[in-house]
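The following paragraphs offer a guided reading of a single protein chain. They proceed from overall confidence and composition to individual strands and side chains.

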Amino acid sequence: MISSLNITQLPKPVFEINKQRFTIGRRPSNNLAVSGEHAAIVQIGNDLIFEDGGSTNGTLLNGAQVEKKLLKDGDVIEIGKYHLRFFAGKTLAAQPDFEK
């Protein structure tokens with residue numbers, strides 16, 4: 001199974017993280033539309049890193065405001081009214097691990 005985000009507030013609730021840079025925002029170029037150009041999930045080695053895109057209202061990860069953070073299974077990303085639960089699975093082609 002590929003890593004994914006589950007968003008129960010949307011008609012299509014499961015989004016696979018199937019790119020090395022998975023973007024979250026309202027613009028057509030984003031992989032998941034919830035807000036302007038809000039955030040990204042970036043694969044570095046075998047790790048997936050959440051990055052806030054400098055959004056006006058910020059982003060919460062497990063209730064705490066973050067700019068950049070290593071994602072772990074079960075983490076909850078909050079963007080406005082949306083709660084995105086991260087499920088760890090396989091990442092794309094493995095590369096050296098990100099230094100933690």
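The term pLDDT denotes the predictor's confidence in each residue, on a scale from 0 to 100. It is needed here since the model is predicted. Across the protein the pLDDT averages 77, and 78% of the residues score at least 70. Confidence is lowest in strand 3, with a mean of 76, and highest in strand 8, with a mean of 93. Over residues 93–100 the pLDDT is below 50; in the model this stretch nevertheless has 17 contacts beyond near neighbours in sequence.

The secondary structure consists of 10 strands and zero helices. Read along the sequence, the pattern is accordingly β-β-β-β-β-β-β-β-β-β. The protein has 100 residues, of which 42% count as buried. Its exposed surface amounts to about 5900 Å², with carbon and sulfur atoms supplying 50% of that area. If one takes the contacts between residues at least 6 apart in sequence, 35% of them join residues at least 24 apart.

How are the strands arranged? In general, strands of a sheet pair through backbone hydrogen bonds, in either a parallel or an antiparallel manner. In this protein, six strands form an open sheet in the order 2-1-10-9-6-7, and the pairing is antiparallel. Strand 2 (14–16) and strand 7 (64–65) stand at the edges; each has a single partner strand, so one side of each is left without a neighbour in the sheet.

Within this sheet, strand 10 merits a detailed look. Strand 10 (residues 82–87) pairs with strand 9 (residues 76–79) in the antiparallel sense over four bridges. Across this pairing, I79 stands opposite Y82, and E78 stands opposite H83. Strands 9 and 10 form a hairpin with two residues between the strands, in which G80 takes a positive phi near 60 degrees. Strand 10 also pairs with strand 1 (residues 4–6), again in the antiparallel sense, over three bridges. There, L5 stands opposite F86.

Which side chains of strand 10 are buried, and which are not? The side chains alternate along the strand: Y82, L84 and F86 point to one face and are buried, whereas H83, R85 and F87 point to the other face and are not. The two cross-strand pairs formed with strand 9 thus involve one residue from each face of strand 10, as Y82 is on the buried face and H83 on the other.

Strand 5 presents another pattern of burial. Six of its six residues are buried. Both of its faces are covered, with D47, I49 and E51 on one side and L48, F50 and D52 on the other. Strand 5 pairs with strand 8 in the antiparallel sense over three bridges. In this pairing I49 of strand 5 stands opposite L70 of strand 8.

The covered strand 5 also takes part in the charged interactions of the model. The count comes to two salt bridges. In one of them, the side chains of E51 and R21 meet at 3.5 Å, N to O. This pair links distant parts of the chain, as E51 lies in strand 5 (residues 47–52) and R21 in strand 3 (residues 21–25), 30 residues apart. In the other, the side chains of K68 and E51 meet at 3.6 Å, N to O. Here too distant parts of the chain are linked: K68 lies in strand 8 (residues 68–70) and E51 in strand 5, 17 residues apart. Through their shared partner, these salt bridges join R21, E51 and K68 into one network.

Are the members of this network buried or exposed? Residues count as buried under 20% relative accessible area and as exposed over 50%, with partly exposed in between. E51 has a relative accessible area of 19% and is therefore buried. R21, at 47%, is partly exposed. K68, at 54%, is exposed. The network thus joins a buried residue of strand 5 to a partly exposed residue of strand 3 and an exposed residue of strand 8.

How values were computed:
Residues numbered from 1 in each chain as written. Predicted model: local features only at pLDDT ≥ 70, side-chain atom pairs only at ≥ 80, totals over all residues. Heavy atoms only, no water. Salt bridge = Lys/Arg side-chain N within 4 Å of Asp/Glu carboxyl O. Buried < 20%, exposed > 50% of the residue type's maximum accessible area, 1.4 Å probe, protein only. Contact = heavy atoms within 4.5 Å. Areas by Shrake-Rupley, 256 points an atom, 1.4 Å probe, with all protein chains shown as cover. Pairing = 2+ DSSP bridges.
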